[in-house]
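The following exercises concern strand pairing, nonpolar cores, burial and pockets. Each task is followed by a solution in steps.

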Amino acid sequence: MSDTFDSQPLGAIFDVDDTLLDNYPKQHKYGLHEYARLLAMREIGNKYGLRQLAELSEEQNRTVLARAYEHSIEGNIWQLFYEFGLVGTPIIEHEHALLREVAVRKHELYEPVLREFGAPLPKAVEFVRAVYVLTNGKIAIASGARRADVAAFLQMSGMEALFENRRVIAREDFAQAKPNPESFEKAFQSLDLPDKQRGLVLAFEDDPKGVTSAKQAGLCVCAITSRFDRTALLNGECAPDLIRESYVDFATTLGILL
């Protein structure tokens, strides 16, 4: 792992949740995704008399992300199903009827919460604008969130004009979620850069599974400690190339002013 950038980056790819978007605002008791998932699981559990879901605890719900192999809404829901004995395999069946119903309800509950409480991480917008200039506009999104949620956040934060539509890769755009590299691979391809320049493209992530995804795509991975600490990021399947606590720190490392 390096402490500096050896060359000027030619492009950048950003995850959204907890990388650009603060999903844990101080004025809200829960993480925004956690809150919507908890409500959806309990609602569907009551609907079908599934006590395990209806009585889902805050702790079980909060910690499932670290246990789920797939970094996605479906991955988290399926992991809880598996732990509760509602399904017999840890391998996600994406068309499973109950999974689809909970996921759809979670999405319905999340958007109004996002619009009320969601905000960028400190200096994230200023940093993205600076990187846009630095890379001549070659920036992209690689997110496991729904396209509608990504679009809502970019619009709310004033960043929608910075990302071309074809460079916004959201959950609907790839088959295999992080840690699979497909999302970052598609985002890299959207930058129209030669394959040999992958290492000059910065990938910004907050999650060990996202770090693995970006590393497997051959990118220079920059991890921010917005949700996982330095130790957790270093102990993932793949270590990031750079870890910083804030976008101010990243800007200092890049030599740009915010």
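**Exercise 1.** Determine which residue of β6 stands opposite phenylalanine 14, and place that pair in its sheet.

*Solution.* Step 1: phenylalanine 14 faces phenylalanine 204 in β6. The model is a predicted one, in which local features need pLDDT of at least 70, side-chain atom pairs count only at pLDDT 80 or more, and totals for chains, interfaces and linings use all residues. Residues are numbered from 1 along each chain as its sequence is written, and side-chain values use heavy atoms, with hydrogens and water left out.

Step 2: four bridges link β1 and strand β6 (residues 201-205) in the parallel sense. Strands (E, at least two residues) and helices (H or I, at least four) are DSSP runs numbered from the N terminus, and two strands pair if DSSP finds at least two bridges between them.

Step 3: β1 also runs parallel to strand β4 (residues 139-142), with three bridges; there, isoleucine 13 stands opposite alanine 140.

Step 4: the open sheet has six strands in the order β5-β4-β1-β6-β7-β8, with parallel pairing. β5 and β8 (242-244) are at the edges with a single partner strand each, so one side of each has no neighbour in the sheet.

Step 5: strand β7 (residues 220-224) and β8 are parallel and joined by three bridges, and alanine 223 has isoleucine 243 in β8 as its bridge partner.

**Exercise 2.** State which way the residues of strand β1 (residues 11-14) point, and whether they are buried or exposed.

*Solution.* Step 1: in a regular strand the side chains alternate between the two faces of the sheet.

Step 2: in β1, Gly11 and Ile13 point one way, whereas Ala12 and Phe14 point the other way. All of these are buried, where buried means under 20% relative accessible area, exposed over 50%, and partly exposed in between (1.4 Å probe, protein chains only).

**Exercise 3.** Identify the residues that touch the most other members of the largest nonpolar core.

*Solution.* Step 1: a nonpolar core is a set of buried Ala, Val, Leu, Ile, Met, Phe, Trp, Tyr and Cys residues joined through side-chain atoms within 4.5 Å.

Step 2: the largest one has 63 residues, and Phe14, Phe81, Phe127 and Phe163 touch the most other members. Helix α5 (residues 97-117) is its main contributor, giving nine residues, the most of any element.

Step 3: beyond its neighbours within four places in sequence, phenylalanine 81 is in contact (heavy atoms within 4.5 Å) with Met41, Leu53, Leu86, Val87, Leu98, Leu99 and Val102.

**Exercise 4.** Describe the largest pocket: how much space lies in it, and which residues lie nearest its centre?

*Solution.* Step 1: on a 1 Å grid over the protein atoms alone, a pocket is an open set of points where a 1.4 Å probe fits, with protein on both sides within 12 Å along at least five of seven lines; lining residues have an atom within 4 Å of a point.

Step 2: the space amounts to about 460 Å³, a volume being the space filled by probe spheres set on the points, which are joined across faces, edges and corners.

Step 3: of the 23 lining residues, Asp18, Tyr24, Leu65, His71 and Arg227 lie nearest the centre. The elements giving two or more residues to this lining are α1 (32-48), α3 (58-67) and α4 (73-83).
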